[in-house]
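Welcome! Here is a short tour for anyone meeting this structure for the first time, going from the overall layout down to single residues.

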Amino acid sequence: MKFVIVFSALFAVAMSAAISQDSAHADTLRYDNDNIGVEGYKYAVETSDGKSASEEGVLSNLGKEGEALVVRGQYSYVAPDGVTYTVTYIADQNGFQPQGAHLPVGPEIK
């Protein structure tokens, strides 16, 4: 499980760096990186070209059967058509679950 936490924290840092590097002339307006530890992490980044991302991961059922990393986050960007697209997501023992006004919605699983 510690591998998952370390991997998630590194992914968060890489993701924030990638967002900052996509546009060669974008400035980082905000970068918060708090609470990276064994039990979770949290980060947020915003750039001058309209991109932003934030994510928080915590361990649920710590030390018990069914221990899992639960991640909640969002990212947004301005597309070439001028529209800002935002995706919010949860990633947990049930998989990656994105939501956004521009994303198709599948049938409800019963």
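Two strands are said to pair if DSSP finds at least two bridges between them. With that in mind, a word on the source: what you see is a predicted model.

## The overall plan

The protein chain has one helix and six strands. Read from the N terminus, the elements follow the order α-β-β-β-β-β-β. The six strands form an open sheet in the order β1-β2-β3-β4-β5-β6, with antiparallel pairing. At the edges of this sheet stand β1 and β6 (95-99), each with a single partner strand, so one side of each has no neighbour in the sheet. From one strand to the next, the twist averages 10°.

A few totals help to set the scene. The protein chain has 110 residues, and 27% of them count as buried. Its accessible surface comes to about 7500 Å², and carbon and sulfur atoms account for 56% of that. Among contacts between residues at least 6 apart in sequence, 23% join residues at least 24 apart.

## Walking across the sheet

Strands of a sheet pair through backbone hydrogen bonds, either parallel or antiparallel. The table below lists four of the pairings in this model, each with its number of bridges and one pair of partner residues.

| Strands | Bridges | Direction | One residue pair |
|---|---|---|---|
| β1 (residues 28-37) and β2 | seven | antiparallel | D34 and K42 |
| β2 and β3 (residues 52-60) | seven | antiparallel | Y41 and G57 |
| β3 and β4 (residues 68-78) | nine | antiparallel | V58 and V70 |
| β5 (residues 84-92) and β6 | five | antiparallel | A91 and F96 |

How do these strands connect along the chain? Between β1 and β2, the hairpin passes through two residues. A hairpin of two residues also links β5 to β6. The hairpin of β2 and β3 has four residues between the strands, and there G50 takes a positive phi near 90°.

## Strand β2 and the core

Is strand β2 (residues 40-47) largely enclosed or largely open? Six of its eight residues are buried, so β2 is largely enclosed by the rest of the structure.

In soluble globular proteins, nonpolar side chains tend to be buried together. The largest nonpolar core of this model has eight residues: Y41, Y43, V45, A53, L59, L69, V71 and Y89. Strands β2, β3 and β4 each supply at least two residues of this core. The largest share, three residues, comes from β2.

One member of the core, L59, is worth a closer look. L59 sits in strand β3. Its relative accessibility is 14%, and a residue counts as buried under 20%, so L59 is buried. The C-alpha atoms of L59 and E39 are separated by 5.5 Å, although these residues lie 20 apart along the chain.

## Aromatic neighbours

Another core member, Y89, leads us to the aromatic rings. How many aromatic pairs does a search of the whole structure find? The search finds three. One of them joins Y89 and F96 in a tilted arrangement, with 5.4 Å from centre to centre and 40° between the planes. Together with Y75, these two residues form one aromatic cluster.

Are Y89 and F96 buried or exposed? Y89 has 11% relative accessibility and counts as buried, whereas F96 is exposed, with a relative accessible area of 53%. The cut-offs explain the two labels: buried means under 20% and exposed means over 50%.

Which residues does Y89 touch, leaving aside its neighbours within four places in sequence? Its contacts are S54, E55, V71, R72, G73, Q74, Y75, F96, Q97 and P98. Among them, V71 also belongs to the core described above, while Y75 and F96 are its partners in the aromatic cluster. F96 also has a place in the sheet, as the β6 bridge partner of A91.

Definitions and conventions
Residues are numbered from 1 along each chain as its sequence is written. This is a predicted model: local features need pLDDT of at least 70, side-chain atom pairs count only at pLDDT 80 or more; totals for chains, interfaces and linings use all residues. Side-chain values use heavy atoms; hydrogens and water are left out. Buried means under 20% relative accessible area, exposed over 50%, partly exposed in between (1.4 Å probe, protein chains only). Rings of Phe, Tyr and Trp (its six-membered ring) pair if their centres lie within 6.5 Å; planes under 30 degrees apart count as stacked, over 60 as edge-to-face and the rest as tilted. Axes are lines fitted to C-alpha atoms, for helices over the stretch in contact, and angles run from 0 to 180 degrees between N-to-C directions. A nonpolar core is a set of buried Ala, Val, Leu, Ile, Met, Phe, Trp, Tyr and Cys residues joined through side-chain atoms within 4.5 Å. Contact means heavy atoms within 4.5 Å. Accessible areas come from the Shrake-Rupley method with a 1.4 Å probe; for residues, only the protein chains shown count as cover.
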